[in-house]
Amino acid sequence: MKNPNHNHLYPATILGNGRSRLAIDLDQVHAKTITYGCNAIYRDFITDYLIALDGAMVFEIIDANAHLRSRFYAQSQSRLDRKLAQSPNLKDYVTIITEN
């Protein structure tokens, strides 16, 4: 991701969901880098980018409105595709990952 105000790339941190993450000051990391996380990390911390592939987790994230606080990427699946078709505003907050 390019910073529109500078001619360099932002450093990034990819955060997991394991216990080792608990020893890290996530606010300090977030202040210095772009943060990426997956699945249930949203329960503890809001990352810049959130990725989920599991269908149940995708809907948990949407139901908790976590997709409004992070740029959210989800795997295409028929149930999600139907929900996106029924909720046009949701498309503004969910980017679909395709298998291509």
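Just after helix 2, Asn65 adopts a positive phi of about 60 degrees, a value that occurs here in a residue other than glycine. The structure described in this section is a predicted model, and the position of Asn65 within that model is the loop between helix 2 and strand 4. With a relative accessible area of 38%, Asn65 is partly exposed. Most residues other than glycine have a negative phi. A second departure from this tendency concerns Asn39, which is not a glycine and yet has a positive phi of about 50 degrees. Asn39 belongs to the loop between strand 2 and strand 3, where it is partly exposed at a relative accessible area of 26%.

The helix that precedes Asn65, helix 2, spans residues 55–63, and its buried residues are Gly55, Met57, Val58, Phe59, Ile61 and Ile62. These buried residues are covered by elements that include strand 3, strand 4, helix 3 and strand 5. At the start of helix 2, a side-chain oxygen of Asp54 comes to within 3.2 Å of the backbone nitrogen of Ala56. Helix 3, formed by residues 78–86, lies across strand 4 and strand 5, and its direction makes an angle of about 145 degrees with strand 5.

The strands themselves are arranged in an open sheet of five, in the order 1-2-3-4-5 and with parallel pairing. Strand 1 and strand 5, the latter comprising residues 94–97, stand at the edges of the sheet, and because each has a single partner strand, one side of each is left without a neighbour in the sheet. On average, and with direction ignored, neighbouring strands of this sheet are turned by 20 degrees against each other. Strands of a sheet pair through backbone hydrogen bonds, either parallel or antiparallel.

Two of the strand pairings can be described in further detail. Strand 1, which covers residues 12–15, runs parallel to strand 2, which covers residues 34–38, and the two are joined by four bridges. Strand 1 and strand 2 also combine with helix 1, residues 26–32, to make a right-handed β-α-β unit. Farther along the chain, strand 3 (residues 49–52) and strand 4 (residues 71–75) likewise pair in the parallel sense, over four bridges, with Tyr73 of strand 4 serving as the bridge partner of Ile51.

Within the edge strand 1, Ile14 has Tyr36 of strand 2 as its bridge partner. Ile14 is exposed, its relative accessible area being 72%. Between Ile14 and Ala85, which are 71 residues apart in sequence, the distance from C-alpha to C-alpha is 31 Å.

Tyr36, situated in strand 2, counts as partly exposed at 26% relative accessibility. When residues up to four places away in sequence are not counted, Tyr36 touches Ala12, Thr13, Ile14, Leu15, Thr47, Tyr49 and Ile51. For one of these residues, Ile51, which is 15 residues from Tyr36 along the chain, the separation of the C-alpha atoms is 7.8 Å.

Aromatic rings contribute a further set of relationships around Tyr36. The structure holds two aromatic pairs. In the pair made by Tyr36 and Tyr49, the ring centres are 4.7 Å apart and the planes stand at 10 degrees, so the pair is stacked. Because Tyr36 lies in strand 2 and Tyr49 in strand 3, this pair ties together parts that are 13 residues apart in sequence. Tyr49 counts as buried, at 7% relative accessibility, whereas Tyr36 counts as partly exposed. Ring pairs link Tyr36 and Tyr49 with Tyr73 into a cluster.

Thr47, one of the residues touched by Tyr36, is placed in the loop between strand 2 and strand 3. Its relative accessible area is 2%, and since residues under 20% are classed as buried, Thr47 is buried. A polar atom of the Thr47 side chain lies 2.7 Å from the backbone oxygen of Tyr49. Leaving aside neighbours within four places in sequence, Thr47 is in contact with Leu15, Thr35, Tyr36, Gly37, Ile41, Arg69 and Ser70.

Key: Residues are numbered from 1 along each chain as its sequence is written. This is a predicted model: local features need pLDDT of at least 70, side-chain atom pairs count only at pLDDT 80 or more; totals for chains, interfaces and linings use all residues. Side-chain values use heavy atoms; hydrogens and water are left out. Two strands pair if DSSP finds at least two bridges between them. A crossover is right-handed if, with the strands pointing away from the viewer, the path from the first strand over the helix to the second runs clockwise. Axes are lines fitted to C-alpha atoms, for helices over the stretch in contact, and angles run from 0 to 180 degrees between N-to-C directions. Contact means heavy atoms within 4.5 Å. Buried means under 20% relative accessible area, exposed over 50%, partly exposed in between (1.4 Å probe, protein chains only). A polar contact is a pair of N or O atoms within 3.5 Å; within protein, one must be able to donate a hydrogen and the other to accept it, and residues adjacent in sequence count only if both atoms are side-chain atoms. Rings of Phe, Tyr and Trp (its six-membered ring) pair if their centres lie within 6.5 Å; planes under 30 degrees apart count as stacked, over 60 as edge-to-face and the rest as tilted.
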